[in-house]
Amino acid sequence: MHAHDGQYPGAQQRARMNVQRPKRKYAAPALEKGFEIIELLADYPHGAMVTEMAASLGRSVGEIFRMVVVLEQLGYLQRAPNSDRYTVAYKLLDVAHRATPAANLLGAALPEMRLLASETGQSCHFVVPNAGRGLVIARQENPGMRGFSLRLGAVIDLLRSCSGNTILAFSDPAMAEQIAAEALESGQAPVDPEWLSTQLAALRARGFDRRPSPITYGVTDISFPVFGFDGGVAGALTIPFLELIDGSQKVDLSTATELLRAAAQRISFALGHTKAD
């Protein structure tokens, strides 16, 4: 079973966002088309044909075909052997991990996430801020037969979600303000500033966030901040705690919260954070 801590744009919405993107002083049309194709294919797990990409992006088949061929030659796209459908190749993931802090985060987080899932019998995921939204860069399924989790790469609403509010609450005030502004620019619906300020203040005082899922009955989201060596927030470690009707979950909510707290602290320590939270 999969769930979404927030909402993410589908192919049509992404296409509209690309078409309506404001013009900048400097332009590189070919580069922009290349990234439009890659972003579009993120919404097509089974691939898309050149004609489908052209229709979604509002461009001619010819210009999309040329870009797709070049991206395939460079190793960023791959074509299915028995069809003309293209998908994003793993080269993009490899480059992203080597060029961003994601590699260090995953190296520190994944062993602890596996242990956490085993101890709690619950799934967990790691969220980082990304261009005004939260992005799930790691997930660990629970080891049992029943589970509830977010998919890898899911996009999170920073202004309303448990993970997003945790990141905002423990960010430097100037950084939190910048992230919130980017969230609004990215198309997220605005929230009442007074409500958000009160919410974040309470979250900081408590040291973590825990709330009923706004989407699914029986699920309580729990989220703790993870800090880097510089004291800044690296992301949020979150458990969507699934409470079973027969009470057969491995641990209760309070125990899961404490195990999550300890895991977040160990990941922070692995990232070089030594200050008391």
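**Entry 1: Val61**

I started with Val61, which is partly exposed at a relative accessible area of 41%. My scale for this: buried is under 20% relative accessible area, exposed is over 50%, and partly exposed lies in between, with a 1.4 Å probe and protein chains only. Before going on, I noted that this is a predicted model, where local features need pLDDT of at least 70, side-chain atom pairs count only at pLDDT 80 or more, and totals for chains, interfaces and linings use all residues. I also noted that residues are numbered from 1 along each chain as its sequence is written, and that side-chain values use heavy atoms, with hydrogens and water left out.

I found Val61 in helix α4. Helices here are DSSP runs of H or I with at least four residues, strands are runs of E with at least two, and both are numbered from the N terminus. Setting aside residues up to four places away in sequence, Val61 touches Val50, Thr51 and Ala54; contact means heavy atoms within 4.5 Å. I looked up one C-alpha distance too: Val61 and Thr51 are 10 residues apart along the chain, and their C-alpha atoms are separated by 5.9 Å.

**Entry 2: helices α2 and α4**

Staying with α4, I asked at what angle its axis crosses that of α2. The axes of α2 (residues 29–41) and α4 (residues 61–73) come within 10 Å and cross at roughly 80°. The axes are lines fitted to C-alpha atoms, for helices over the stretch in contact, and angles run from 0 to 180 degrees between N-to-C directions. The two helices are therefore roughly perpendicular to each other, a label that covers 65 to 115 degrees; under 35 counts as roughly parallel, over 145 as roughly antiparallel, and the rest as oblique. On the α2 side I listed Ala30, Lys33, Gly34, Ile37 and Ile38, which meet Glu63, Ile64, Met67, Val68 and Leu71 of α4.

**Entry 3: the whole chain**

I stepped back for the totals. The protein chain has 10 helices and 8 strands, and buried residues make up 44% of its 277 residues. Of the contacts between residues at least 6 apart in sequence, 59% join residues at least 24 apart.

**Entry 4: aromatic pairs**

How many aromatic pairs does the structure hold? I got 2. Rings of Phe, Tyr and Trp (its six-membered ring) pair if their centres lie within 6.5 Å; planes under 30 degrees apart count as stacked, over 60 as edge-to-face, and the rest as tilted.

One pair is Phe170 with Phe227: the ring centres are 6.2 Å apart and the planes stand at 85°, so I logged it as edge-to-face. This pair links distant parts of the chain, with Phe170 in helix α7 (residues 162–170) and Phe227 in strand β7 (residues 219–227), 57 residues apart. Phe227 counts as buried, at 8% relative accessibility.

Phe208 and Phe224 also pair, with centres 4.7 Å apart and planes at 15°, so that pair is stacked. Phe208 lies in the loop between α9 (193–206) and β6 (209–212) and Phe224 in strand β7, so the pair ties together parts that are 16 residues apart in sequence. Phe208 and Phe224 are both buried.

I checked for a charge over the ring as well. Arg206 lies over the face of Phe208, at 5.7 Å from the ring centre; the rule asks for NZ of Lys or CZ of Arg within 6 Å of the ring centre and within 35 degrees of the ring normal.

**Entry 5: Phe224 and its surroundings**

Phe224 deserved its own note. Its relative accessibility is 3%. Beyond its neighbours within four places in sequence, Phe224 is in contact with a list of residues including Thr166, Gly207, Phe208, Leu237, Leu260 and Arg261. From Phe224 to Leu203 I have 9.9 Å, C-alpha to C-alpha, across 21 residues in sequence.

**Entry 6: Ser213 and Glu119**

Ser213 sits in the loop between β6 and β7 and is buried at 16%. Outside the four-place window, Ser213 touches Val219, Thr220 and Asp221.

Glu119 is in helix α6 (residues 102–120) and is partly exposed at 29%. With that window again left out, Glu119 touches Lys250, Val251 and Leu259.

**Entry 7: cysteines**

Last, I looked for disulfides, taken as pairs of cysteine sulfur atoms within 2.5 Å. The count comes to 0. Cys124 is buried at 2% relative accessibility, and Cys162 is buried at 1%.
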